[in-house]
Amino acid sequence: MDLQIQDRTAVVCGASRGLGMACAWALASEGVHVTLVARRADALQVVAERIAEATGKRPAFVVADISTAQGRAAVQASNTETDILVTNAGGPPTKDFTDLTHEDWERAIDTNFLSAVEMIRIFAAGMRARRFGRIVNITSATVRMPVERLDLSTSTRLALTGYVAGVARQIAKDGVTINNLLPGTVMTERLVELGATADALIARVPAGRAGKPEEFGAACAFLCSKQAAFITGQNLLVDGGLCTLTI
Ligand code: NAD
């Protein structure tokens, strides 16, 4: 299926590895001009090379911490406008809720909530003016199913979910969609770092395995397609059936 986004532009955050990288890869495969965003130039350089080799489409990259205003300004300076925005950053630490400090909460709110809110605010205006935009936020299956010791993740992503539920409807008439993609047990470095917590979840996945990053990337590319114009304000699980829900 031709997703009809050839030569569109995309900013993909948290793209030096894992799910962000997979989304960038899938978009580049569709002929999109991608800008990768993450904090380390060396890692971004390697990923840009790999994507260029595989897709023939060389991504640009911006070194920036999107949890800071300075980082977001750096992204905006090098991409004054974009057709597609994928918001994403590293997940918060796993901790027992009794050990969470005010500082932990502030960091998680900045990284997993406000970074996305601000990136949407920065780029949505231009998308609306040009009557085309696709925004995909990488959130988490914890939105649907809280996981022990991941309370920072559950709470901050639910805040973003609420924000998107309201804002997506306010800009739908302008040709701009916002959707959330909810990964659960997709095999990345983050999952390896979660150790026993991840192993216990994978054992419960009805599909009988962890997900592949490219499966997640494909879902992202579809939500960014021309054909997905009528899908907005949604939360799509990519979790092999892990979250048990009837609807
Ligand atoms: P990951 O840790 O492997 O990759 C995160 C990426 O974001 C890396 O490229 C990292 O360098 C970048 N990054 C981190 N903080 C950043 C910042 N402040 N500014 C810019 N870049 C930053 O994680 P992943 O497995 O690819 O998951 C992506 C997101 O999805 C995470 O927030 C994670 O918590 C969430 N998630 C993943 C799964 C899964 O199954 N893999 C499940 C639930 C939630």
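## Polar contacts with the ligand

A polar side-chain atom of S16 lies 2.7 Å from an oxygen atom of the ligand in this predicted model. R17 joins in with an N or O atom of its side chain, 2.8 Å from a ligand oxygen. G14 uses its backbone instead: a polar atom there is 3.4 Å from an oxygen of the ligand. A polar contact here means a pair of N or O atoms within 3.5 Å.

How much of the ligand does the protein cover? On its own the ligand has 830 Å² of accessible area, and the protein covers 93% of that (Shrake-Rupley method, 1.4 Å probe).

## The shell around the ligand

There are 27 residues around the ligand, and S16, L19, A89, V186 and T188 come nearest (a residue is near if one of its heavy atoms lies within 4 Å). The shell divides into ten nonpolar, twelve polar and five charged residues, with Gly counted as polar.

## The whole chain

Now let's step back. The protein chain has eight helices and seven strands (DSSP runs of at least four residues for helices, H or I, and at least two for strands, E). Its C-alpha atoms fill a box of roughly 45 × 40 × 35 Å along the principal axes.

## Reading the numbers

Residues are numbered from 1 along each chain as its sequence is written, and side-chain values use heavy atoms, leaving out hydrogens and water. Because the model is predicted, local features need pLDDT of at least 70 and side-chain atom pairs count only at pLDDT 80 or more, while totals for chains, interfaces and linings use all residues.

Terms used. Polar contact = N/O pair within 3.5 Å; in protein donor to acceptor, adjacent residues only side chain to side chain.
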